[in-house]
Amino acid sequence: MKNTIFLSLLMLMISPSLIAQIIGNNTEELKKVKEKKILPTYAFIDFNHTNSFRDLSQNTDFLTIPLGERAYEEALKIWSYQLGINTGIKPNLRFEGGMKFLQTGEQYTYQGALGGDSTFNAQSKYRYLSMPLQIKWEKGNQFRFSIGGGLQAQLYINYLQNQQWTTSLGGPKEAKIEQNLYCNSFALSALGEMGLHYFGKNNYGVFCKMTYRYQITNTYIKTADYQHLSKGLGLSFGLSKNIE
């Protein structure tokens with residue numbers, strides 16, 4: 001009888017702590033599930049349309065050569081594409097990284113004097129495999145606003161210049177230049193982004209954001225005629241899928 005009473009008292013003392021532990025564990029699990037729902041890790045595909053331009057100056061460290069006709073180059077609208085992952089670090093603070101097929105460039109247009117028949121157009125494109133890395137602040141639940149920035153390492157792939165021209169003797173004609181011996185194999189750019197993201201109930205989302213990029217290292221090698229720093233203001237849109 002004494003043993004029975006003792007065991008009963010012992011169970012009464014232990015049960016509240018067990019119940020509290022079970023409730024605590026369940027609460028912690030529910031909290032983690034809620035955080036994953038509010039701040040999911042997601043993969044995304046990004047389509048970026050940028051008005052790409054450049055800062056061009058004489059390379060005074062090597063030879064001082066005037067810019068000539070290159071001073072009249074204009075911005076070029078160009079596409080880039082990215083696959084990436086975005087994950088939470090802390091509430092409202094996130095890390096984003098990925099791989100990107102990046103294009104930068106500019107264009108040149110010439111029209112003969114007094115509206116003559118001679119014309120010349122050229123669109124120059126520099127292509128890279130890049131790795132953008134950003135820290136972002138994000139606020140919201142189903143609709144989310146984000147702003148952030150970071151750096152982008154760029155490995156040079158190739159160069160392409162499309163040319164079209166006419167002359168007083170005839171035309172039009174076209175040509176392609178697919179090599180530039182003065183391009184650096186590596187470049188580094190600073191990034192900034194601001195956008196909106198909508199997350200649906202089926203774990204898929206859509207987003208739209210404004211982007212700005214400014215190259216902080218020279219596109220060309222040290223012995224090239226000019227120093228070339230690409231920059232661009234653009235618009236991105238894409239799809240996301242929660243993976244956690």
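1. A term to start with: strands here are DSSP runs of E, at least two residues long, and they are numbered from the N terminus. The model is predicted. Gln82 lies in strand 2, which covers residues 76-90.

2. Stay with Gln82 for a moment. The residue counts as buried because its relative accessible area is 4%, and the cut-off is under 20%. Residues up to four places away in sequence aside, Gln82 touches Phe44, Ile45 and Asp46. The list continues with Gly97, Gly98, Met99, Lys100 and Pro132.

3. Now the nonpolar core. The largest one has 10 residues. Its tyrosines are Tyr126, Tyr128, Tyr159, Tyr220 and Tyr226. Leu56, Leu102, Cys183, Ala187 and Ala224 complete the set.

4. Leu56 is a useful entry point to that core. Setting aside neighbours within four places in sequence, Leu56 is in contact with Tyr220 and Tyr226, and also with Gln227 and His228. Leu67, Arg70 and Glu73 are further contacts of Leu56.

5. Strand 7 spans residues 186-199 and shows an alternating pattern of side chains. In a regular strand, side chains alternate between the two faces of the sheet. Which face of strand 7 is buried? The buried face carries Ala187, Ser189, Leu191, Glu193, Gly195, His197 and Phe199. Phe186, Leu188, Ala190, Gly192, Met194, Leu196 and Tyr198 point to the other face and are not buried. Ala187, on the buried face, also belongs to the largest nonpolar core.

6. Strand 7 has pairing partners. With strand 5 (residues 143-167), strand 7 pairs in the antiparallel sense over 13 bridges. There, Gly150 has Leu191 of strand 7 as its bridge partner. With strand 8 (residues 204-215), strand 7 is again antiparallel, over 11 bridges. Met194 is bridged to Met210 in strand 8.

7. Look at the turn as well. The hairpin of strand 7 and strand 8 has 4 residues between the strands. Asn203 in this hairpin takes a positive phi near 75°.

8. Next, charged pairs. How many salt bridges does the model have? The count is 11. One of them joins Arg54 and Glu73, with the closest N and O atoms 2.8 Å apart. Arg54 sits in strand 1 (residues 42-58), while Glu73 sits in the loop between strand 1 and strand 2; 19 residues separate the two. Both Arg54 and Glu73 are buried. Glu73 is also a contact of Leu56.

9. Another pair is Glu138 with Arg94, at 4.0 Å from N to O. The pair links strand 4 (residues 119-140), which holds Glu138, to strand 3 (residues 93-111), which holds Arg94, across 44 residues. Are these charged side chains buried or exposed? Glu138 is buried because its relative accessible area is 5%. Arg94 counts as buried because its relative accessibility is 1%.

10. Lys136 and Glu96 form a salt bridge too, with their closest N and O atoms 3.2 Å apart. Lys136 belongs to strand 4 and Glu96 to strand 3, 40 residues apart. Lys136 is buried, at 6% relative accessibility. Glu96 is buried as well, at 3%. Through shared partners, salt bridges join Glu96 and Lys136 with Asp46, Glu193 and Lys209 in one network. Two members tie back to earlier points. Asp46 is among the residues that Gln82 touches. Glu193 points to the buried face of strand 7.

Technical notes. Residues are numbered from 1 along each chain as its sequence is written. This is a predicted model: local features need pLDDT of at least 70, side-chain atom pairs count only at pLDDT 80 or more; totals for chains, interfaces and linings use all residues. Side-chain values use heavy atoms; hydrogens and water are left out. A nonpolar core is a set of buried Ala, Val, Leu, Ile, Met, Phe, Trp, Tyr and Cys residues joined through side-chain atoms within 4.5 Å. Buried means under 20% relative accessible area, exposed over 50%, partly exposed in between (1.4 Å probe, protein chains only). Contact means heavy atoms within 4.5 Å. Two strands pair if DSSP finds at least two bridges between them. A salt bridge is a side-chain nitrogen of Lys or Arg within 4 Å of a carboxyl oxygen of Asp or Glu.
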